[in-house]
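Got your viewer open? Let's take a walk through this protein, one selection at a time.

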Amino acid sequence: MKPALSQRIAVALDRPVRDEVAAYARQLGEEAGALAVLFYGSNLRTGSLEGVLDFYVLLPGPQRERVWPRVGYREWDHAGECLRAKIATMSLAQFARAAEGQSRDTTIWARFVQPSALVWVADDTARTAVLAALASAAVTAGRLAAAVGPESGPAEDYWRALFRATYRAEFRVEKPGREDSILDVNAAHFDGLLPLAWEAAGIGFTRENGVLRPSLPASRRRRILGWWRRRARLGKPLNLLRLAKATTTFDGAADYAAWKLQRHTGIALEVTPFRAKYPLLAAPGALVELWRKRRAQR
């Protein structure tokens, strides 16, 4: 990996976070016996503790589950404040493989070319491995951006083309212009990143007055697009498989649903032991209770 890209990623990983976030990450990492905990999402950018904090917990050893990551929700009372977190867990080895574009996944490298912070790490060896994985994510994303982007243009046009391609491959609905909002709010993060990613990927380019022109031979472009088409075809089925798994393995699903419901409607539903243990079986009863409380509101 080129030193310039690695240095850029290393500086970004050390961005400051709230003490409460660091404490939460340490608790998650130590409880799981993890190697590292990454923090990402809008709360990283804003510094707010409102809403849900997003963490990736990276474990030692090989990936144990074939469908990853495992996702859960937790609430933690810290210094008199309730902190809420959505936690994705997978092995660091699988995370690195996905970041390099070696798996069929379409999400890891696209997600982690965006800002993240390494808020807890077990040791220097783990830090080095996370740094290498995130640098690989930038290379993987940059390589595809060169293939799906315009013949020439500002860096933002290549990033837009990349995110549009990944959104089309995933089973989710994004508002039109979502890629613009990502680039707007993270302008400092993306500024100058694409040329470094191309250099690390061995993609030559020219740059004049802010306009980039990658030198991508037709044969290499075909290989990159072939690599992408194989993954794009599996993007939606893989997303559906992960959603199906989450219905039975989403730790804290009932608490998360109850919090979201109260946040958006003002209606509080009790999370009974039965609802916490069997959220799917408890759903009909919860819906009836919700219906009755909505009628009472009116």
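Before we start clicking, one bit of vocabulary: two strands count as paired if DSSP finds at least two bridges between them. Keep in mind, too, that this is a predicted model.

**Stop 1: the whole chain.** Show everything as a cartoon. The protein has 14 helices and seven strands. Of its 298 residues, 45% are buried. Now take the contacts with a separation of 6 or more: 69% of them link residues 24 or more positions apart.

**Stop 2: the hairpin.** Select β3 (70-78) and β4 (81-91). This pair is antiparallel, with nine bridges. Show the side chains of Glu75 and Arg84: Glu75 sits opposite Arg84, which belongs to β4. Then click on the turn. Two residues lie between the strands of this hairpin, and Ala79 has a positive phi near 55°.

**Stop 3: the sheet.** Add the other strands to your selection. In what order do the five strands of the open sheet come? Reading across, you get β3-β4-β2-β1-β5, and the pairing is mixed. β3 and β5 are at the edges with a single partner strand each, so one side of each has no neighbour in the sheet. On average, neighbouring strands here are turned by 30° against each other, ignoring direction.

As for what holds such an arrangement together, strands of a sheet pair through backbone hydrogen bonds, either parallel or antiparallel.

Zoom in on β1 (36-40) and β2 (52-59). These two run antiparallel and are joined by five bridges. Pick Leu38 and look across to β2, where Tyr56 is its bridge partner.

**Stop 4: helices on the sheet.** Select α2, residues 19-32. This helix lies across β1, β2, β3, β4 and β5, and runs at about 125° to β3. Next, select α6 (124-148). α6 lies across β1, β2 and β5, at about 165° to β5.

**Stop 5: two helices crossing.** Keep α6 on screen and add α10 (193-201). Their axes come within 8 Å and cross at roughly 95°. Angles of 65 to 115 degrees count as roughly perpendicular, and α6 and α10 are therefore roughly perpendicular to each other. To see where they touch, show Ala138, Val139, Gly142, Ala145 and Ala146 in α6, then Leu194, Ala197, Trp198, Ala200 and Ala201 in α10. Nine of the residues in this contact are nonpolar, one is polar and none is charged.

**Stop 6: a helix with two sides.** Go to α1, residues 3-13. Which residues of α1 are buried? Colour Leu5, Ile9, Ala10, Ala12 and Leu13. Look down the axis of α1: these buried residues fall within an arc of 165°, so they line one face of the helix. Spin to the other side and you'll find Pro3, Gln7 and Val11, which are exposed. The cover over the buried residues of α1 includes β1, β5, α6 and α10.

**Stop 7: a loop residue.** Finally, click on Glu100, in the loop between α4 (92-99) and α5 (108-112). Is Glu100 buried, partly exposed or exposed? Its relative accessibility is 35%, so Glu100 counts as partly exposed. Leaving out residues up to four places away in sequence, Glu100 touches Ser136, Thr140 and Arg143. Try a distance label between the C-alpha atoms of Glu100 and Ala132: they are 9.4 Å apart in space, with 32 residues separating them in sequence.

Note on methods. Residues numbered from 1 in each chain as written. Predicted model: local features only at pLDDT ≥ 70, side-chain atom pairs only at ≥ 80, totals over all residues. Heavy atoms only, no water. Buried < 20%, exposed > 50% of the residue type's maximum accessible area, 1.4 Å probe, protein only. Helix = DSSP H or I, 4+ residues; strand = E, 2+ residues; numbered from the N terminus. Arc of directions from axis to C-beta. Contact = heavy atoms within 4.5 Å. Axes fitted to C-alpha atoms, helices over the stretch in contact; angles between N-to-C directions. Parallel < 35°, antiparallel > 145°, perpendicular 65-115°, else oblique. Nonpolar A, V, L, I, M, F, W, Y, C, P; charged D, E, K, R; others polar.
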